[in-house]
Amino acid sequence: MGAALSILAVTPVIAFARNGDDGGSHQGKHNNHSPAPITFDAFVAWASAANSGTVAGNEANMGRQTNSASLTNSYNSGAKGVSNQAQNAGANSQLQNSLALAYVHNPKGKSYTVGLGLAVAGAGNYGGVMGNEDEIGPRSSWDRDDGSVTQTATVGNSYEGFNGVAQLNQNAGNNSLLQNSAAVAAVNPVSGTALTLAGSLADADNQGAVAGNYAREHSANASSTITKSFDRVNGVVNVNQNSGANSLMQNSAAIGTVKLVAASSDALAGAVANANTNGGVYCNTANLANGSAKVSMDSSFNGAQGVLQASQNTGANSLIQNSVSVAAVR
């Protein structure tokens with residue numbers, strides 16, 4: 001289980017003015033005037049976040065066991081900012097969050113002769129779950145069934161009115177990999193009276209593999225539940241739920257935006273966003289009997305705005321991927 005977070009906001013890093021060389025200044029004084037100053041202002045922000053990990057060669061045996069992970073009454077009352085949250089109630093599982101935020105802002109709204117702004121954000125997750133074993137319950141019909149195994153992950157009454165970037169992973173299954181990745185790059189605003197150059201680049205990637213795992217369950221109950229959460233949320237949200245075995249779930253979101261003001265005679269602006277997911281689920285085995293696996297999302301995301309991605313899974317040997325990219329110049 002890993003989480004990475006990188007945030008960088010930069011105010012002016014380069015600012016200088018030139019009134020001309022000695023000859024120009026002398027001539028200006030002789031003519032009782034000075035040449036117009038040339039001013040430069042450059043804003044640069046860069047942020048990166050990455051997770052890399054492997055869960056391999058592990059074995060878990062459970063009988064008469066209860067595992068639970070719960071998040072309730074949290075991130076409410078209009079909470080703002082960024083949030084990475086991961087829950088786990090299973091075995092041999094890897095959950096990763098990654099978030100990079102780069103933001104350029106001209107705090108005083110000043111205009112210079114030449115204005116330059118650049119924001120770059122990159123976020124990625126790279127992981128694998130390979131060669132693991134998980135056994136739950138009696139090994140055969142001849143063994144005594146000494147009680148069921150219960151695994152639950154629950155989110156309730158949380159993230160109401162949240163404003164910002166939020167990522168959440170839930171897991172109550174076996175041999176599973178869940179990943180979130182989000183990159184946001186924003187320039188807002190930069191201007192030059194003669195020339196404006198502004199650009200944003202956001203890249204979000206997920207790469208993962210779930211291979212060669214074995215899961216056997218008897219009298220096992222697994223559930224992942226989200227209730228009354230994410231109402232009136234505003235921003236970027238990635239959510240994964242999982243109650244199955246040998247499953248891969250990935251979310252990726254990249255947002256690049258540039259805001260200009262009409263102050264330049266010449267302007268060049270560009271926004272680039274790239275979101276990728278690359279995963280594989282292969283050579284896994286799941287034997288399930290006399291149990292249940294459930295995921296539910298109830299009364300959630302009401303009145304939500306922005307970029308929202310949610311994945312649910314109750315099956316075995318499944319691949320679910322979400323990817324979105326948004327680029328805007330305004």
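How many strands and helices make up the secondary structure of this chain? The count comes to 22 strands and one helix. Keep in mind as you look around that this is a predicted model. The chain has 330 residues, and 47% of them count as buried. Below is a quick tour: the chain as a whole, one four-stranded sheet, the salt bridges, and a few residues to click on.

**The chain as a whole**

- Contacts here often reach a long way along the sequence: take the contacts between residues at least 6 apart, and 86% of them join residues at least 24 apart.
- The accessible surface of the chain adds up to about 14400 Å², with 49% of that belonging to carbon and sulfur atoms.

**An open sheet of four strands**

- One sheet to look for is open, has four strands in the order 4-9-14-19, and pairs them in parallel.
- Its edges are strand 4 (59-62) and strand 19 (285-289), each of which pairs on one side only.
- On average, neighbouring strands in this sheet are turned by 5° against each other, if you ignore direction.
- Strand 4 and strand 9 (residues 133-136) run parallel and are joined by four bridges.
- Across that pairing, Ala 60 sits opposite Asp 134 in strand 9, and Met 62 sits opposite Ile 136, also in strand 9.
- Which way do the side chains of strand 4 point? They alternate: Ala 60 and Met 62 face one way and are buried, whereas Glu 59 and Asn 61 face the other way and are not buried.

**Just past strand 4**

- Follow the chain on from strand 4 and you get to Arg 64, in the loop between strand 4 and strand 5 (66-72).
- Arg 64 has a relative accessible area of 63%, so it counts as exposed, the cut-off being over 50%.
- Arg 64 and Gly 137 are 73 residues apart in sequence, yet their C-alpha atoms are 7.3 Å apart in space.

**Salt bridges**

- How many salt bridges are there? The count comes to two.
- One of them joins the side chains of Arg 216 and Glu 135, with an N to O distance of 3.5 Å.
- Since Arg 216 belongs to strand 14 (residues 214-218) and Glu 135 to strand 9, this pair ties together parts that are 81 residues apart in sequence.
- Are these two partners buried or exposed? Arg 216 counts as buried because its relative accessibility is 11%, which is under the 20% cut-off. Glu 135 is also buried, at 12% relative accessibility.
- Glu 160 forms a salt bridge with Arg 232, and here the closest N and O atoms are 2.2 Å apart.
- That pair links distant parts of the chain, 72 residues apart: Glu 160 is in the loop between strand 10 (149-156) and strand 11 (163-169), and Arg 232 is in the loop between strand 15 (220-227) and strand 16 (234-240).
- Both of these partners are partly exposed: Glu 160 has a relative accessibility of 37%, and Arg 232 has a relative accessible area of 47%.

**Ser 247, in a loop**

- Ser 247 has its place in the loop between strand 16 and strand 17 (248-258).
- With a relative accessibility of 1%, Ser 247 counts as buried.
- What does Ser 247 touch, leaving aside its neighbours within four places in sequence? Its contacts include Asn 175, Ser 176, Leu 177, Val 210 and Asn 242, and also Asn 313, Gly 315 and Ser 318.
- A polar atom of the Ser 247 side chain lies 3.0 Å from the backbone oxygen of Ala 245.

**Gln 85, in a strand**

- Where is Gln 85 found? Look in strand 6 (residues 80-86).
- Gln 85 has a relative accessibility of 19%, so it counts as buried, because the cut-off is under 20%.
- Leaving aside neighbours within four places in sequence, Gln 85 is in contact with residues including Leu 71, Asn 97, Tyr 159, Gln 167 and Leu 168.
- Tyr 75 is another contact of Gln 85, and a polar contact of 3.1 Å joins the side chains of the two.
- Gln 85 and Ala 166 are 81 residues apart along the chain, and their C-alpha atoms are separated by 8.0 Å.

Conventions: Residues numbered from 1 in each chain as written. Predicted model: local features only at pLDDT ≥ 70, side-chain atom pairs only at ≥ 80, totals over all residues. Heavy atoms only, no water. Pairing = 2+ DSSP bridges. Helix = DSSP H or I, 4+ residues; strand = E, 2+ residues; numbered from the N terminus. Axes fitted to C-alpha atoms, helices over the stretch in contact; angles between N-to-C directions. Salt bridge = Lys/Arg side-chain N within 4 Å of Asp/Glu carboxyl O. Buried < 20%, exposed > 50% of the residue type's maximum accessible area, 1.4 Å probe, protein only. Contact = heavy atoms within 4.5 Å. Areas by Shrake-Rupley, 256 points an atom, 1.4 Å probe, with all protein chains shown as cover. Polar contact = N/O pair within 3.5 Å; in protein donor to acceptor, adjacent residues only side chain to side chain.
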